[in-house]
Amino acid sequence: MSAPAPDLAVDIGGTTIAVGLVDAAGALRHTEVGPTPDGDAEAVWSAVAALIAAAVRTAGGRIGAAGVVSAGPIDLAAGTVSPINIASWRAFPLRARVRSALPGVAVHLGGDGMAMALGESWRGAGRGAAGMLGMVVSTGVGGGLIFDGLPYPGRTGNAGHVGHVVIDPAGAACRCGGRGCVETVAAAPALVDWARAQGWTGADAAALAASAAAGDPVARAAFARGTAALAAMIVSVAATCDLDLVVVGGGVARAGAVLFDPLRAALADHAGLAFLRGLQVVPAELGADAGLVGAAALTRRRFG
């Protein structure tokens, strides 16, 4: 008897497009990765379609089902996506396009933050958590909510957009159109911009983390400011949802103790209610693969 056909997983972000083949146990067996083009909607779709075609060839044409996740906002009912970080995709009919590229294959759509959370819940740091927030802190701040192993997509599929929780109503304008969102303080570009305004001269967020680890006071203050914003948001979400675990991934999370030490200290300051004090915050385990594993979980568990 031949092995079951793998599922196809597609993870579309503003910087990178990844497509993978995932087996029934959630193991990633093959990955195709390419840059997200700057250009019109069809240029972006062409890049996605080429990676899908390459993965299908690797699978010998045998695909069980397809899970497709994108930066949001998304509209699950319509099957469309309007990613903030892909300007040319507005109400782009992503589910229909993938269906046209994969005739006869069931296609399930979801948000990329929810997929990261679902991947970590299934195969990573969130296994066994009853109530979990999975977060990505990178060029933006995204997330997804998992309850008893099941993702909570919300009415439109956009639950978990924690980067756009408002922490300062009079704060900086956000690219979402709002003001004072967590992302304007805690995302990697915000950390770097603030540090540069205080006189730091490094190149990027990785350099900022290295400076903070070396004791640079401005770099450390940048991380303290960003993690205070993250902590305020996390406590607000945890107070609403009674979470027991937060899993943090993304490029900024790779800073390790530079991020997690001040984040946990800030959480202790904000967690006044007794039921919030047991909240655990841990690093993600799956890295860049979490979105693909979570996209595959959409097909295996028939979410989305």
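Contact here means that heavy atoms lie within 4.5 Å of each other. In this predicted model, Ser211 touches Trp200, Asp216 and Ala219 in that sense, once residues up to four places away in sequence are not counted. The points below take up the surroundings of Ser211, then helix H5, then an open sheet of five strands with the helices that lie on it, and finally the loop that holds Asp23.

**Ser211 and its surroundings**
- Ser211 has its place in helix H6, and its relative accessible area is 19%, which is under the 20% limit and therefore makes the residue buried.
- Although Ser211 and Val258 are separated by 47 residues in sequence, their C-alpha atoms are 9.7 Å apart in space.

**Helix H5**
- Helix H5 spans residues 188-197, and its buried residues are Ala188, Ala190, Leu191, Val192 and Ala195.
- These buried residues of H5 pack against three helices, namely H4 (183-186), H6 (205-213) and H7 (217-241), and H6 is also the helix in which Ser211 is found.
- After H5 comes Gly199, a residue whose phi is positive, with a value near 105°.

**The five-stranded sheet**
- The strands of the open sheet follow the order E3-E2-E1-E4-E7, and their pairing is mixed.
- Because E3 and strand E7 (107-111) each have a single partner strand, they stand at the edges of the sheet, and one side of each is left without a neighbour in it.
- From one strand to the next, the twist averages 15°.
- Strands E2 and E3 are paired in the antiparallel sense over seven bridges, and Thr16 stands opposite Pro35 in E3.

**Helices on the sheet**
- Helix H1, made up of residues 41-58, lies across strand E1 (7-12), E2 and E3, and runs at about 20° to E2.
- Helix H3, made up of residues 112-123, packs on the sheet as well, where it touches E1, strand E4 (66-70) and E7, and its direction makes about 100° with that of E7.

**The loop between E2 and E3**
- Asp23 lies in the loop that runs between strand E2 (16-22) and strand E3 (28-35), the two strands that pair in the antiparallel sense.
- A polar atom of the Asp23 side chain lies 3.0 Å from the backbone nitrogen of Ala25.
- When its neighbours within four places in sequence are left aside, Asp23 is in contact with Arg29 and Arg300.

How values were computed
Residues numbered from 1 in each chain as written. Predicted model: local features only at pLDDT ≥ 70, side-chain atom pairs only at ≥ 80, totals over all residues. Heavy atoms only, no water. Buried < 20%, exposed > 50% of the residue type's maximum accessible area, 1.4 Å probe, protein only. Helix = DSSP H or I, 4+ residues; strand = E, 2+ residues; numbered from the N terminus. Polar contact = N/O pair within 3.5 Å; in protein donor to acceptor, adjacent residues only side chain to side chain. Pairing = 2+ DSSP bridges. Axes fitted to C-alpha atoms, helices over the stretch in contact; angles between N-to-C directions.
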